[in-house]
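Me: I am new to this structure and would like a close look at a single part. Please take me through the place where the ligand sits, and what surrounds it.

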Amino acid sequence: MRATTATIHLDALRHNLKRVRALAPRAKVMAVVKADGYGHGLERVAQALAGADAFGVATLTDAERVRRAGLNHRVVLLSGFDEPCDLALVREFRIDCVIHHDSQLAILERHPAQAPASLWIKLDTGMHRLGFAPEQARRVYERLRVLPQVGEIRWMTHFACADDYDTERTEAQMARFRAAIGDLPGERSLANSAAVQAFSASHGDWVRPGGMLYGLSTFAGRTGRDLGLQPAMSLSTRLISVRQLAAGEAVGYGATFVCPQPMRIGIAAVGYGDGYPRHAPGGTPVQIAGKNAPVIGRVSMDLLAIDLTHVPAADIGSEVLLWGPELPVEQVAEAAGTIGYELVCGVTRRVQFAAAEDLGDISAAA
Ligand SMILES: Cc1ncc(COP(=O)(O)O)c(C=O)c1O
């Protein structure tokens, strides 16, 4: 069987949730599990994070998956519903909906009997992606409040720059949020992972961490481990070919790498068809027997070439770690010009997924 495996460290997920609780002790935690639990597998992640107070999802299908996994938590559809026909499922599965646009308000007013029992009004305080303008807050609240099926109304906003310690922008967003809601009732939620870690004043009633639960860093130049988090995914495979090449021989598509001297190279069973980034340039590290070794040539769909010069013990069958607790995904992402979030979300379903309970060595955690 092809050895390419994503191992999900369930204790790492639980460890990271504890870290959220330690940083935001007074807030409830909405664990964001969108994009199939950031690529880690929605059901397994939600079960491991059952200690959270709620789950945040992007699609109704994922909301339904959380319910079918047997979890009774509050489930929040972070972009809300799109069409009137979504409302029946929302009610059937008791899903909280974010409402961010007049088009959604109009649907609720046309179908008041179908309105969700619990709504989160999203305000756009500066990100300009989703949300009502702050000056609309009272008007939206009043229109929702009179709908007979609507029971609870909460408030949320989302930060654009909390991950670059940009105090000014984030504080301006917080101030706009506070001013817009004024004395209107309802719990408040602002903080994503970056704000959980860097802006304690933003914690409010509910924090909404995603990346940090998976051990991912949102801060440039810092790994999840630097932040006291445990990476929740190891992506690994094995060498399926080892060969000796002469100086001047080229490796891979486009012959972009030419051996400067005689070289021993290994071919690992992983490629962009598994979600390994095609843009990872030569020199991107993988790890074999605890030692870093560089990728050479172009990443192909199923295969990856590795310079084995400094890992002479490596041979057919040797395990190759692409990222994981011992090789930060942030390091691979930086080489490939992306972020760890994209890499873990992009692992494809032809990779085998396995769950591990072990926490491993957390002594490196801050
Ligand atoms: C509305 C909302 N809240 C919270 C999050 C979690 O963000 P992060 O993964 O950076 O913690 C997201 C993810 O993008 C989001 O869209």
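Reply: In this predicted model, a nitrogen atom of the ligand is 2.9 Å from an N or O atom in the side chain of R208. Y38 also meets the ligand through its side chain: an N or O atom there is 2.6 Å from an oxygen atom of the ligand. With G210 the backbone takes part, as one of its N or O atoms lies 2.8 Å from a ligand oxygen atom. The protein covers 90% of the 390 Å² of accessible area that the ligand has on its own.

The ligand sits in the largest pocket. Around the ligand there are 14 residues, and the closest are Y38, S193, G210, G211 and Y341. By type, this shell divides into 5 nonpolar, 5 polar and 4 charged residues. Y38 and G210 thus appear both among the closest residues and in the contacts described above, Y38 with its side chain and G210 with its backbone.

A brief note on cysteines completes the picture. The structure holds 0 disulfides. C161 has 15% relative accessibility and therefore counts as buried, the cut-off being under 20%. C259 has 3% relative accessibility, so C259 counts as buried too.

Key
Residues numbered from 1 in each chain as written. Predicted model: local features only at pLDDT ≥ 70, side-chain atom pairs only at ≥ 80, totals over all residues. Heavy atoms only, no water. Near = heavy atom within 4 Å. Polar contact = N/O pair within 3.5 Å; in protein donor to acceptor, adjacent residues only side chain to side chain. Areas by Shrake-Rupley, 256 points an atom, 1.4 Å probe, with all protein chains shown as cover. 1 Å grid on protein atoms, 1.4 Å probe; cavity = no way out; pocket = protein on both sides within 12 Å on 5 of 7 lines; lining within 4 Å. Sits in = over half its atoms within 2 Å of the grid points. Nonpolar A, V, L, I, M, F, W, Y, C, P; charged D, E, K, R; others polar. Disulfide = S-S within 2.5 Å. Buried < 20%, exposed > 50% of the residue type's maximum accessible area, 1.4 Å probe, protein only.
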